[in-house]
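Hello,

Here is the structure you asked about. Please open it and read my notes alongside.

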Amino acid sequence: GSEMCIRDRYKIQGGEIIMEKEIVDRLIFKSGMTAKDYKFEQEIPKRPNPLKLSKWLSKEIEEVEKQIDLIEEEFEVKCTCEKGCSACCRQLIALSMSECLAIKPYIENLSKDEREKLKRKVLEQCHILEENNITNKVINTTRKEEVIQDKYFKLKMPCVFLDEENSCSIYKVRPSLCWSYRNYGDKADCEKDYDVESTIKYDDWEHRVFERILTARPPRNGLYVLPFAIKEMMEW
């Protein structure tokens, strides 16, 4: 069965389950070539409002995920990420303001109490990040991304959009750093470190979608740490 196909393509090394390097290399190569030549179904809208941008981005992400799923099927592997495993939601998420605008309709659709709760989370996290010198300026100028990621991960701060069931409340328009990241080994490893050997980040697909959304809605001022982006956009 498919489970055996998947299992046969893993090995134990140092107590960790990892994919065979050859399979990883081939999968990444195929993904990169497919992303490079891929023709998106949707046209890029011209300066869409947040609601239109949100609907458009949702379809972009869905389309790309289907392509990644097809590549996984070709290599008979399947990622081990599943609903409720949310360790990666404690990693630093940097995004453009264009991506952030696609999230705005989700915030505006919240009840008054839910929005106040989100606002408290955002402001609290912004304060913690400022105390630890993890700011928009730092992430846009540093050459030590691993140091900043490690520092952020050790804060153990869940994403402000993680709900009580450990699910993403903005899943359809989650930032590109989130949907482009998949684990193919033991998902428990994600609890221990932000840098897990059995993970793949589909950079080629991320770059394609990122370029398209920036064409649709030109960015300003580089990248933002997620809580700071929400704070600025909502004028909190």
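**A pocket, a helix and a core**

The second largest pocket holds about 520 Å³ of space. A pocket here is an open set of points on a 1 Å grid over the protein atoms alone, where a 1.4 Å probe fits, with protein on both sides within 12 Å along at least five of seven lines; lining residues have an atom within 4 Å of a point. Its lining has 19 residues, and Lys121, Val160, Leu162, Asp163 and Ser169 are the closest to its centre. α5 gives the most to this lining, with 5 residues.

This is a predicted model: local features need pLDDT of at least 70, side-chain atom pairs count only at pLDDT 80 or more, and totals for chains, interfaces and linings use all residues. Residues are numbered from 1 along each chain as its sequence is written, and side-chain values use heavy atoms, without hydrogens and water.

Now look at α9. Its buried residues (under 20% relative accessible area, 1.4 Å probe, protein chains only) are Trp205, Glu206, Val209, Arg212, Ile213 and Ala216. They cover an arc of only 135° around the axis, so they sit on the same side of α9. The face turned away from that side carries Glu211 and Thr215, which are exposed (over 50%).

Trp205 also belongs to the largest nonpolar core, of 57 residues. Such a core is a set of buried Ala, Val, Leu, Ile, Met, Phe, Trp, Tyr and Cys residues joined through side-chain atoms within 4.5 Å. Ile103, Phe161, Trp205 and Ile230 have the most contacts inside this core. α3 gives the largest share, 7 residues.

Best wishes

Note on methods:
Helices (H or I, at least four residues) and strands (E, at least two) are DSSP runs, numbered from the N terminus. The arc is that of the directions from the helix axis to the C-beta atoms. Grid points are joined across faces, edges and corners, and a volume is the space filled by probe spheres set on the points.
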